[in-house]
Amino acid sequence: MQAYLIFLGIRSALVLRNSWFLHRFGRFWEMLASDSTPPISIVIPAYNEAQGIVDSIRSMSIVRYPRFEIVVADDGSTDETLDRMIEAFDLEIVQIPYRPDIATAPIKAIYRGHSPVDITVVQKENGGRADALNAGVNAARYPYVLCTDADVILDADCLLASMRKVVEDRVRTVAVGGNIRPLNGSRVELGHLVEASVPKSMIPRMQSLEYVRTFLASRPAWSSLEALPLVSGAFGIWKRSAMVEVGGFTPGHFGEDMDLTMKLHRYHLEKGIPYRISYDPSAVIWTEVPETARVLRRQRIRWHRGLMSVVSDFRALTFKRRYGKLGIVTWPGMVLFEYLAPIVEFVGWIVIPTAFLLGALNTASLLALLALAFGIGLLNSLLALMLDEAFGYFNSPRDTSRLLVIALIENLGLRQMTVAWRIRAIFGGKSTMTWGNMERRGVGSLAD
Amino acid sequence: MPDLVLWAVLTVFAIDVVMLVGLIILKAVHRVRMRRDAERRTQYLTLLSRHLTYENAVDPIPSNAAEDEAFLDAVIDLRYTIAGSEIERLSEIATTYDLVSRQEGLLRKRFGGLRRLRAAVSLAELGNEASAPILMEHLDDSDDEIRVQSARGLARMGYTPAIDRIVGRLGEESDWVRARFGDALAEFGEDASAPLMAFVIVNHADGDTSAIVQAIRTLAAIGDYSVGPRIAQVLDLSSNPEVQIAAAGALGGVGGGFAIPSLIDALASSDWRVRAQAATSIGEVGLAENVDDLVASLRDRAWWVRRNSAAALVRLPGGVEALYRALSSVDPFARDAAAEALEDSGELAKAVTNHREQRATRDEARLLRHMRGSGVPGF
């Protein structure tokens with residue numbers, strides 16, 4: 001499995017080199033001043049986000065992009081989320097027609113702001129994140145929608161970077177993913193990232209490394225193969241018309257982002273419509289990740305349950321030539337190395353010590369196998385950290401040493417912990433089918 | 001333990017150690033290089049500023065400065081902050097110190113990879129007329145980005161012989177390159193209008209739709225009033241809705257009464273997108289005599305057409321009054337569209353305030369009644 005990840009890492013390195021160069025010299029501001037840059041709607045689902053919703057919207061409203069609107073779908077919040085938005089953005093109920101292209105829970109009212117921020121708020125009955133996103137997409141005026149979360153901070157150029165992929169090929173591009181990075185430990189002021197740092201505490205630090213591995217050492221490779229299986233829910237640009245065609249996000253799904261990505265793949269491949277789902281590593285957003293093992297456990301169990309649902313729903317794609325690279329390479333890879341990986345790893349934990357205890361494996365062989373697993377895991381992390389160097393967010397020796405320390409020790413317990421949670425997701429039955437709460441500290445208080 | 005496993009372990013750990021050391025060195029080198037580059041660029045900026053200010057400045061610019069990327073960055077940075085004769089002086093310096101020829105050399109390299117792109121970007125940024133021939137040559141480069149940068153550079157230096165070549169390539173390029181070529185042509189301004197218009201006229205019947213749409217959008221961005229009648233002709237003659245939408249949009253931008261008959265005809269198009277765009281453009285032209293046409297479009301079967309017509313009415317003299325009148329229309333679509341536009345234009349907020357102060361006019365009272373009757377909470 002690690003060899004598979006290293007292959008992706010090497011492929012990603014080649015892709016990133018080109019992408020980095022274009023990012024540096026490709027002059028995104030040409031798009032900023034161009035009449036040809038398509039407008040975009042930023043869709044944010046909000047459920048009980050009173051604490052940070054206003055700061056988030058303000059931070060999003062100054063992103064560098066020629067024309068965009070913000071659509072917030074208030075998913076039946078029971079706190080002051082709506083009141084705070086009404087006050088901050090001078091919202092008023094308006095009577096604009098609403099296009100229910102995707103079925104959602106009933107809409108109560110639509111508000112529009114009179115402040116300089118082009119904002120529309122859809123107040124609706126509670127239906128979950130996917131349902132709220134669908135309502136936001138229905139209310140969106142523009143042909144492309146960025147579906148994101150209320151607690152993220154967008155890098156100033158992230159829309160220009162990601163929409164570049166759309167401008168490159170408007171007809172085929174139906175979705176673009178971005179590079180998500182943990183915000184914990186970084187300095188945030190007035191809803192803006194002032195200084196990026198690697199978190200001190202172990203749980204978010206481990207996730208920092210995981211995110212670097214995922215978003216820099218794996219996604220660019222899949223994207224270059226035109227077989228990206230997932231556009232992350234925290235930052236995904238979708239072509240509105242394509243979304244509507246496949247029915248939008250599936251309400252109640254634990255992996256609604258992967259589900260939608262796969263629905264788009266399947267729809268276009270089955271209909272024979274040329275398309276592409278792309279990823280741009282230079283489109284960066286920052287998000288708060290779980291600080292405690294308890295919250296992380298819930299998140300990982302939910303993610304794996306989502307993966308299980310998608311694997312079950314799209315099992316027909318596996319090894320089918322009709323589905324091209326997706327069916328032959330990506331999807332079997334997802335099933336084998338993402339879905340089944342924890343089981344394989346868990347079996348290893350039992351088989352190897354048992355073999356050792358029964359004398360089938362001597363001490364030297366046991367140590368060699370453990371060393372090999374550790375060494376390859378470390379190799380994968382080091383490769384990802386080298387790729388991260390291109391972005392230059394973590395330049396201080398302190399940040400580098402923190403990431404190196406976690407790369408060295410994550411295989412000594414932390415990794416096993418996440419495997420155990422994923423096993424729990426597989427065998428835990430209905431007791432694991434819950435969303436739980438992401439206990440946020442708020443973007444203003446994330447520095448260690 | 002088999003030797004193979006041992007070798008595998010040793011190999012993996014050897015690679016780990018190499019990568020670990022490599023990562024540490026890379027980080028350290030990166031840090032030092034970034035700091036040094038910033039320092040050198042500041043030094044060059046100071047030096048160049050002196051040379052621009054005093055013709056006989058004594059501080060020498062190192063003869064090999066062209067080999068230093070910090071010098072290139074400093075020249076490009078400075079290029080954005082100066083004007084008039086200073087630009088010519090900076091061009092002289094760039095030529096004297098072989099900065100331009102060095103970048104040209106890099107661009108000509110057959111296997112230069114990303115260095116060629118860097119060179120193309122630099123030449124585009126420098127905008128030095130001496131590089132026009134090489135940029136013309138690279139309008140046919142196999143690399144998309146180099147073609148884009150070549151067009152941009154030529155536009156930046158206002159090298160008009162390039163216009164025909166860039167226009168001619170519109171039909172052969174990808175969406176990305178075409179959009180960037182459109183930007184470059186827009187930068188040429190009215191010099192590019194005639195070739196673009198000719199391209200549209202020749203190709204609108206059977207050419208690549210995306211290329212024609214891009215050409216029309218670029219004409220709209222240039223805003224040359226003289227091509228307006230020709231664009232109106234394209235709107236009349238084309239049967240391709242994408243071309244019609246672009247033409248109707250451009251007519252709104254170019255303005256002028258000559259556009260109105262074609263736009264009115266477009267309001268009857270079978271494609272709702274053409275009708276919606278025509279309504280918006282009529283609003284942009286802004287003639288009072290078209291109020292009735294837009295009022296009629298408030299009853300259109302497509303929501304976007306009703307919405308755009310109502311929004312366009314707000315821009316026309318007498319349009320707001322017409323919207324108030326439309327609140328009494330027998331057609332519920334027209335009433336809703338009018339109410340939305342009145343809300344968007346701030347009339348609703350004014351009506352609410354006047355109502356609170358008990359001085360609402362009859363029209364404002366009608367608007368408030370409509371909002372209450374629509375079942376929207378809060379009214």
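# Talking through chains A and B

Biologist: Leaving aside its neighbours within four places in sequence, which residues is Asp74(A) in contact with?
Modeller: Once neighbours within four places in sequence are set aside, Asp74(A) has contacts that include Ala46(A), Thr81(A) and Leu82(A). Please keep in mind that this is a predicted model. The full set for Asp74(A) is Ala46(A), Thr81(A), Leu82(A), Val121(A), Val122(A), Gln123(A) and Lys124(A).

Biologist: Is Asp74(A) buried or exposed?
Modeller: Asp74(A) sits in strand β2 (residues 68–75) of chain A. A residue needs 20 or more other C-beta atoms within 10 Å to pass as buried. Asp74(A) has 26 of them within 10 Å, so this residue is buried.

Biologist: How far apart in space are Asp74(A) and Lys108(A), C-alpha to C-alpha?
Modeller: In sequence, 34 residues separate Asp74(A) and Lys108(A). In space, the distance from C-alpha to C-alpha is 10.0 Å.

Biologist: Why can strand β11 (residues 235–239) of chain A be called largely enclosed by the rest of the structure?
Modeller: In a regular strand, side chains alternate between the two faces of the sheet. Here Phe235(A), Ile237(A) and Lys239(A) point one way from β11(A), while Gly236(A) and Trp238(A) point the other way, and all are buried. β11(A) is therefore largely enclosed, the buried count being five of the five residues.

Biologist: Which residue of β11(A) does Thr148(A) stand opposite?
Modeller: Strand β6 (residues 144–148) of chain A runs antiparallel to β11(A), and five bridges join them. Thr148(A) stands opposite Phe235(A).

Biologist: And which residue of β11(A) does Ala175(A) stand opposite?
Modeller: Strand β8 (residues 173–182) of chain A also pairs with β11(A), in the antiparallel sense and over three bridges. In β11(A), the residue opposite Ala175(A) is Trp238(A).

Biologist: Where does α15(A) bend?
Modeller: Helix α15 (residues 397–427) of chain A has 31 residues, and its first and last C-alpha atoms are 42 Å apart, close to the 45 Å expected at 1.5 Å a residue. α15(A) does bend, by about 75°. The buried residues of the helix include Leu403(A), Ile406(A), Glu410(A) and Trp421(A). The bend is at Glu410(A).

Biologist: Which element of chain B helps to cover the buried residues of α15(A)?
Modeller: Part of the cover comes from chain A, including α7 (202–217), α11 (293–313), α13 (341–357) and α14 (363–388). Together with these, the cover includes a helix from the other chain, namely α1 of chain B.

Biologist: How many residues come from α1(B) on the side of chain B that touches chain A?
Modeller: The contact takes 40 residues from chain B and 37 residues from chain A. On the chain B side, the elements giving two or more residues are α1 (3–53), α5 (114–126), α9 (175–188), α11 (209–222) and α19 (332–344). That side divides into 23 nonpolar, five polar and 12 charged residues. The largest share, from α1(B), is 15 residues.

Biologist: How far apart are the C-alpha centres of domain 1 and domain 3 of chain B?
Modeller: Chain B is divided into domain 1 (67–159), domain 2 (190–285) and domain 3 (286–379). Between domain 1 and domain 3 of chain B, the distance from centre to centre is 54 Å.

Biologist: Which element gives the most to the side of domain 1 of chain A that touches domain 2 of chain A?
Modeller: Chain A is divided into domain 1 (2–292) and domain 2 (333–432), with C-alpha centres 29 Å apart. Their contact takes 21 residues from domain 1 of chain A and 23 residues from domain 2 of chain A. On the domain 1 side, α1 (2–25) and α7 of chain A give two or more residues. With nine residues, the one that gives the most is α1(A).

Biologist: How many residues of α6(A) are buried?
Modeller: Helix α6 (residues 158–168) of chain A is mostly covered. Its buried residues include Cys158(A), Met163(A), Arg164(A) and Lys165(A). Of its 11 residues, the number buried is 10.

Biologist: What is the phi of Asp90(A)?
Modeller: Most residues other than glycine have a negative phi. Asp90(A) lies in the loop between α4 (81–89) and β3 (91–94) of chain A, and it counts as partly exposed, with 16 C-beta neighbours inside 10 Å. Although Asp90(A) is not a glycine, its phi is positive, at about 55°.

Definitions and conventions: Residues numbered from 1 in each chain as written. Chains lettered and ligands numbered in written order. Predicted model: local features only at pLDDT ≥ 70, side-chain atom pairs only at ≥ 80, totals over all residues. Contact = placed C-beta atoms within 7 Å. Helix = DSSP H or I, 4+ residues; strand = E, 2+ residues; numbered from the N terminus. Nonpolar A, V, L, I, M, F, W, Y, C, P; charged D, E, K, R; others polar. Domains from an automatic or database assignment. Buried ≥ 20, exposed ≤ 12 C-beta atoms within 10 Å, placed from the backbone. Pairing = 2+ DSSP bridges. Expected span 1.5 Å × (residues − 1). Bend = angle between axes of the 7 residues up to and from the residue.
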